[in-house]
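Colleague: I'd like to understand the salt bridges in this model, and I'm still new to this. Please take a close look at them with me, one pair at a time.

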Amino acid sequence: MSPSEKKRTLEYFSAWRLQNKITLFSLVAILIVSALFVAASILLPSVSTTEFIAFIVLIPALACLGIATCHSSNLESSKAQIEYKKLLSRMLEAEGSQISLDRFFSISSDLMAVAGKDGFLKKVSKSLVDTLGYSEETLLTTPFFEFIHPEDREMTRKNIEALNMGLRSVGFENRYRTADGGYRTLSWSAAADADLGVRFASARDVTDERNFKNHMQQILGSAPFVLVVKDREGVITNCNAAFARIMGFSRDSLIGQNVNHLAPSEFISSFLEKEPVVLRSQRSFTFDEVLKNQNAEEKYLSTIFPILDHEGKVVSTGKVSLNIDSIAEKYFT
């Protein structure tokens, strides 16, 4: 509510109370006049009976009714003013919350948005506007599914259905089209508010991270060594094509598998055998080994290495092996 609106409302209540006061004073004056008339009637018997009854009964009765009505009006005015103050307080609080939300959306580095059930964004942060390159108006007046990569729309719909069921979404990724025609990969955390009928979402732009990961995987896939990485429980979290060929599986089918459940392999056996040394020392361990490859024995230079978290604890271990015989044959013969 603007200052001018507040001023007009307060002036309205003041005028209402002033009118009630004027009415009350007028009715009291009527009562006084009636009382004087009664006194005059007693002193001046010439007043007719009808006039006497009218002044001594009807006019005071009407005046008393008016006074009661005026008093009731004053009470209602006071109640209305109290309710107005409560409403004004809530409006000021809401305005303050809206201002705080607007400021938060404008300064946050996270990409934030509020989406309605009608398929339109209701509010977007400045960082989201800057990342996608569209104007705020364009983002708010265009169905947000039009910005999503066609291949990601179906899984986005399923994610929204889960949100509407009361589930939270963390780390959901989809690609959004930018104003220059490219796409950015966004990782979303979101939750729905059934009462408000909106979904609140915050995202990180992970495009560069995903590109770097893909580039590194291409490098590892073409590298002349065997690589596998697993967590402390034995689940494979990364490997290259050379390891997949040794194991006789595709790389994608190996990710998520437990090395203890795979078919026996000299490469895995030596890994598990020497891994405790690396776990105790938290240092890499390099050694020579001979492995069979299609019934032929080949010499490898292998290293088992630890991967530490930010607290210095080993969370994963990996093994990388270079076929020395193959390198020698290729470059020294």
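Modeller: Happy to! A residue is called buried under 20% relative accessible area, exposed over 50% and partly exposed in between (1.4 Å probe, protein chains only). The model is predicted, so local features need pLDDT of at least 70 and side-chain atom pairs 80 or more, while totals for chains, interfaces and linings use all residues. Residues are numbered from 1 along each chain as its sequence is written, and side-chain values use heavy atoms, without hydrogens and water.

Searching the whole structure turns up 14 salt bridges (a side-chain nitrogen of Lys or Arg within 4 Å of a carboxyl oxygen of Asp or Glu). Let's begin with Arg-184, whose side chain meets that of Asp-205 in a salt bridge, with 3.0 Å from N to O. This pair links distant parts of the chain, since Arg-184 belongs to strand β4 (residues 183-193) and Asp-205 to strand β5 (residues 198-205), 21 residues apart. (Helices, H or I with at least four residues, and strands, E with at least two, are DSSP runs numbered from the N terminus.) Is each partner buried, partly exposed or exposed? Arg-184 has 24% relative accessibility, so it counts as partly exposed. Asp-205 is also partly exposed, because its relative accessible area is 28%.

Now stay with Arg-184 and look towards helix α6. The side chain of Arg-184 also forms a salt bridge with the side chain of Asp-208, at 3.9 Å from N to O. Here Arg-184 sits in strand β4 and Asp-208 in helix α6 (residues 207-222), so this pair ties together parts that are 24 residues apart in sequence. Asp-208 counts as exposed, because its relative accessibility is 54%. If you click on Arg-184, then, you can look for Asp-205 and Asp-208 as its partners.

Next, move to another pair. The side chains of Glu-151 and Arg-175 meet in a salt bridge, 3.2 Å from N to O. Glu-151 lies in the loop between α4 (136-141) and α5 (153-164), while Arg-175 lies in strand β3 (residues 169-177), so parts 24 residues apart in sequence are tied together here. Glu-151 is exposed, because its relative accessibility is 61%. Arg-175, in contrast, counts as partly exposed, because its value is 25%.

Finally, here is a group rather than a pair. Glu-173, Arg-204, Glu-209 and Arg-210 are linked to one another in a network of salt bridges. Try displaying the side chains of these four residues together to see that network.
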